[in-house]
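Let's take a walk through this protein and its two ligands. Have the sequence and the 3D view open as you read.

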Amino acid sequence: MKKILFVSSEAHPLIKTGGLADVAGSLPKALIELGQDIRLLIPYYQDLKTTEHIQYRCTIRINNCDVSLLETQLPNSNVTVWMVDYPLFFAISGNPYSDEYGQSRHNNAARFHLFCKVAVEIAMNRTYLDWKPDIVHCNDWQTGLIPALLTLEPHRPKSVFTIHNLAYQGLFPQAEYHNLNLPKQLWHADGLEFFDMLSFIKGGLVYADQITTVSPTYALEIQTTQFGYGLEGLLHHRQASLSGIINGIDTHVWNPNHDPCITQNYGIETLDKKILNKTALQQRLSLPVEANIPIFGIISRLVEQKGIDLILNCLDEMLNMPIQFVLLGSGNNEFEHRLQNLAHLYPQKISVTLAYDETLAHQIEAGVDIFLMPSRFEPCGLNQLYSQRYGTIPVVRTTGGLADTIVDTLPKSIADNTATGIAFHESSSGALIEAIKRAIVLFNHPTTWRNIQQNCMQKDFSWRNSAEQYLNIYNDMTY
Ligand code: ADP
Ligand code: GLC
């Protein structure tokens, strides 16, 4: 049994902005099921949602600040969560990383530096928690300083750094380096410096004992100039310690048989009932109730990564087709504005909800026929996995985890029952619209459509297999 400190800046259902939270809220459970001793460490944000009791554990002194450590359970699990309580940094409402104008919070470097220092103190068993991990598993830039700082400690635990998205790097002006009083020996081009900036993510990429990312294809892509943001050389240099492990999903939270958020539960044997969720969704969103018109859905952060502009450029042409379009998301102001305008112009065809709404997200997965993910890059992507489980056919661009989890519908994959979606290659509106047309044609062939839905619903996206791969990495590092 390994002792693992799993460090993340978000974890579902406590606090979530995207897929990182889904992973941090479900992988630790799967590791416990494999017999491991795991503690999850997150910041104690004001908006954190829990039904569980919160208990004070101890106070530690870091950078002349008194920081409290609180303990709770991850709801519906036996995962122990430790929370870093420092109100000046974390007792703020809203998005954990950005303010109400979408700008990064001005003190993010100091906030996540403190978070990393606390993780190091726990990792070195210098708190009153009296627990020393064998492995510290860090996730994304907010935890990047941990592997770097740990290398300065004798008898340290091993570190794993998982890249969920290389586009977010935690880059700050050099002056922050001095403000934070970071050790001088880590400031160099092969350390935390990145073109005269302080790079949190380089702390993970340079110093972690093992690096993982969330799909095998993305592990290769980030070693190229197209996807590497200037870090491709470093990642290539570390390729012997870099692997891609596809994310699993929480099969209890995302299960059409028992999902409490949807109107009608259904499964592979009762797929005919899915239509009742389509009707309920059309009613909820004030769209005409039409069974035979395919509904396309999107649930997404509205950022360039997700190809939202490709969709916007397609919508005019899509409006000439017999379809409905449902979007739930928030993010970039210009995307929000353009989407809202289109929804006002075409209320019979387009519904746009600019919000973060978990219940509606489940209702969309259950109610739409086709899910669109035309991402420019996608380290893993979770919605194409949720869609498959709900018998909703994904249309995806072949990149990262989308390429690894969707089998395009072609004569051969129809014949051997492996088809699970529609895939297109080129990152352009033209290629997207062709894929959308293919989806409409298939939708109008009910027998083939039903087969593809069943292929999707039969796939196993549970964490077990991937959690075992993480465990193999932990075991190889510590024997
Ligand atoms: P990313 O982490 O890049 O945003 P993923 O596909 O890995 O992309 O995960 C996104 C997660 O966030 C999914 O669980 C998705 O359902 C959820 N999500 C994104 N936007 C919203 C929203 N506006 N309301 C509810 N859930 C959302
Ligand atoms: C990131 C990626 C997404 C991935 C998620 C969880 O936010 O953008 O593709 O699924 O992390 O690993």
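How many nonpolar, polar and charged residues are in the shell around ligand 1? By class, there are 7 nonpolar, 7 polar and 6 charged residues. Keep in mind that you're looking at a predicted model.

## Two domains

The domain assignment splits the protein chain into domain 1 (3–248 + 463–478) and domain 2 (268–457). Notice that domain 1 is written as two segments, 3–248 and 463–478. Taken over C-alpha atoms, the centres of the two domains are 32 Å apart. As for how they meet, 20 residues of domain 1 are in contact with 18 residues of domain 2.

## Around ligand 1

Ligand 1 has 20 residues around it, and the ones that come nearest are Gly19, Asp22, Arg301, Lys306 and Ala355. Two backbone partners are worth pulling up: a polar backbone atom of Ala355 sits 2.7 Å from a nitrogen atom of ligand 1, and one of Asp357 is 3.0 Å from a nitrogen atom of the ligand. On the side-chain front, an N or O atom of Asn383 is 3.4 Å from an oxygen atom of ligand 1. On its own, ligand 1 would expose 560 Å², and the protein buries 93% of that.

Where does the shell come from? Helices α1 (19–24) and α15 (383–389), plus strands β13 (295–302) and β14 (324–331), are the elements that each give two or more residues. The top contributor is β13, with 3 residues. Both domains take part too: domain 1 and domain 2 each supply at least three residues to the shell around ligand 1.

## Around ligand 2

Now for the other ligand. Of the 13 residues around ligand 2, His164, Asn247, Glu378, Cys380 and Gly381 come nearest. By class, this shell has 6 nonpolar, 6 polar and 1 charged residues. Because domain 1 and domain 2 both give residues to the shell, ligand 2 lies between them.

Oxygen atoms of ligand 2 have polar partners to look at. An N or O atom in the side chain of Asn247 is 2.8 Å from an oxygen of the ligand, and a polar side-chain atom of Gln305 is 3.2 Å from an oxygen of ligand 2. There's a backbone partner as well, with a polar backbone atom of Pro379 at 3.4 Å from a ligand oxygen. Ligand 2 has 310 Å² of accessible area by itself, of which the protein covers 93%.

## A loop residue at Asp460

Asp460 is in the loop between α19 (446–458) and α20 (464–478). Is Asp460 buried or exposed? Its relative accessibility is 63%, so Asp460 counts as exposed. The Asp460 side chain makes a polar contact with the side chain of Ser462, at 2.8 Å. Thr251 is 209 residues away along the chain, yet its C-alpha atom is 9.3 Å from that of Asp460.

## Backbone oddities

Most residues other than glycine have a negative phi, and most peptide bonds are trans. With that in mind, check the peptide bond from His12 to Pro13: it is cis, with omega near 5°. Pro13 belongs to the loop between β1 (3–7) and α1.

Asn76, in the loop between β4 (65–73) and β5 (80–85), has a positive phi, near 55°. His155 also has a positive phi, near 55°, and lies in the loop between α5 (145–150) and β7 (158–163). Asn76 has a relative accessible area of 73%, so it is exposed; His155, at 73% relative accessibility, counts as exposed too.

Terms used. Residues are numbered from 1 along each chain as its sequence is written. Chains are lettered from A and ligands numbered from 1 in the order in which they are written. This is a predicted model: local features need pLDDT of at least 70, side-chain atom pairs count only at pLDDT 80 or more; totals for chains, interfaces and linings use all residues. Side-chain values use heavy atoms; hydrogens and water are left out. A residue is near a molecule or strand if one of its heavy atoms lies within 4 Å of it. A polar contact is a pair of N or O atoms within 3.5 Å; within protein, one must be able to donate a hydrogen and the other to accept it, and residues adjacent in sequence count only if both atoms are side-chain atoms. Accessible areas come from the Shrake-Rupley method with a 1.4 Å probe; for residues, only the protein chains shown count as cover. Helices (H or I, at least four residues) and strands (E, at least two) are DSSP runs, numbered from the N terminus. Ala, Val, Leu, Ile, Met, Phe, Trp, Tyr, Cys and Pro count as nonpolar, Asp, Glu, Lys and Arg as charged, and the others, Gly among them, as polar. Domain bounds come from an automatic or database domain assignment. Buried means under 20% relative accessible area, exposed over 50%, partly exposed in between (1.4 Å probe, protein chains only). Contact means heavy atoms within 4.5 Å.
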